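Colleague: Got a minute? I'd like to go through this chain with you, piece by piece.

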Amino acid sequence: MRYGELEEGIDVMDGDGNLVGSSRIAARHALLETALTRVVLPMPILVLPPIVMSMLEKTALLQARPRLLLPVQSLVCLAAFGLALPLAISLFPQMSEIETSQLEPEIARATSSRTVVYNKGL
């Protein structure tokens with residue numbers, strides 16, 4: 001889906017927001033950060049509800065009213081998703097930094113900044 005970014009690169013900017021160039025190395029970093037975010041996203045959703053529900057199913061309220069299991073489980077899953085999404089998105093900043101020494105030589109020559117920033121995408 002983001003193959004075009006890997007082929008053409010993504011825009012990198014200096015600290016003042018001036019466009020320095022288009023970097024394939026920065027695109028690779030952005031793609032890796034996005035992929036890691038998408039790997040972490042389902043983890044709390046898959047782990048938390050079974051743990052919480054195993055504890056809640058032992059309570060007197062749910063044992064006496066088994067019809068409440070589905071609504072309670074739905075709420076627990078909703079809460080886990082509400083926790084997982086901000087957690088996963090906050091792993092990496094939207095505007096990431098990378099040292100110019102790690103980028104293509106033409107980008108390093110185009111700016112005097114030690115670091116440049118790029119938008120990693122979602």
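Modeller: Sure, let's walk through the strands, the core, the helices and a few single residues. Keep in mind that this is a predicted model.

Colleague: Okay, strands to begin with. How do strand 1 and strand 2 pair?

Modeller: Strand 1 covers residues 10-13 and strand 2 covers residues 19-23, and they run antiparallel, joined over four bridges. To see it on screen, look for D11, whose bridge partner in strand 2 is S22. Then find M13, which is partnered with L19 in strand 2.

Colleague: And what's in the hairpin between them?

Modeller: Five residues sit between the two strands, and G17 takes a positive phi near 90° in that hairpin.

Colleague: What about strand 3 and strand 4, how many bridges do they have?

Modeller: Five, and that pairing is antiparallel too. One pair to look for is E99 with T115, its bridge partner in strand 4.

Colleague: Which side chains of strand 3 point to which face?

Modeller: They alternate along residues 95-99. S96 and I98 point to one face and are buried, while M95, E97 and E99 point to the other face and are not buried.

Colleague: Now the core. Which residues make up the largest nonpolar one?

Modeller: There are 12 of them: I10, V12, V20, I25, A26, A27, A30, I98, L103, I107, V116 and Y118. Strand 1, helix 2 and strand 4 are the elements that give two or more residues to this core. Helix 2 gives the most, with four residues.

Colleague: Is there a general pattern behind that?

Modeller: In soluble globular proteins, nonpolar side chains tend to be buried together.

Colleague: Pick one core residue for me. What does I107 touch?

Modeller: Leaving out residues up to four places away in sequence, I107 touches V12, V20, G21, S22 and S23. V12 and V20 are themselves on the list of core residues.

Colleague: Switching to charges: where is E33, and is it buried or exposed?

Modeller: E33 is in helix 2, which spans residues 24-40. E33 is buried, yet it has no salt bridge.

Colleague: Why no salt bridge for E33?

Modeller: The nearest side chain of opposite charge is K120, 5.8 Å away, and a salt bridge needs the charged atoms within 4 Å, so that pair doesn't count. E33 does have contacts, though: apart from neighbours within four places in sequence, they are F92, S96, Y118 and K120.

Colleague: Different topic. Where does UniProt put the "transmembrane region" feature?

Modeller: The UniProt entry, which is unreviewed, places it at residues 39-56 and 68-92. In the model, residues 39-56 are 94% helix and 0% strand, with the end C-alpha atoms 28 Å apart. Residues 68-92 are 84% helix and 0% strand, and their end C-alpha atoms lie 38 Å apart.

Colleague: I also clicked on L75. Buried or exposed?

Modeller: L75 is exposed, with a relative accessible area of 57%. You'll find L75 in helix 5, residues 69-89. Its C-alpha atom is 34 Å from that of S96, and the two are 21 residues apart along the chain.

Colleague: Last one: where is S112?

Modeller: S112 is in the loop between helix 6 (105-110) and strand 4 (115-119). S112 is exposed, because its relative accessible area is 77% and the cut-off for exposed is over 50%. The C-alpha atoms of S112 and T100 are separated by 9.0 Å, with the two residues 12 apart along the chain.

Notes
Residues are numbered from 1 along each chain as its sequence is written. This is a predicted model: local features need pLDDT of at least 70, side-chain atom pairs count only at pLDDT 80 or more; totals for chains, interfaces and linings use all residues. Side-chain values use heavy atoms; hydrogens and water are left out. Buried means under 20% relative accessible area, exposed over 50%, partly exposed in between (1.4 Å probe, protein chains only). Two strands pair if DSSP finds at least two bridges between them. Lys and Arg count as positive and Asp and Glu as negative; His and the chain ends are not counted. Contact means heavy atoms within 4.5 Å. UniProt positions are given in the numbering used here, feature names are shortened, and annotations may be inferred rather than shown by experiment. A nonpolar core is a set of buried Ala, Val, Leu, Ile, Met, Phe, Trp, Tyr and Cys residues joined through side-chain atoms within 4.5 Å.
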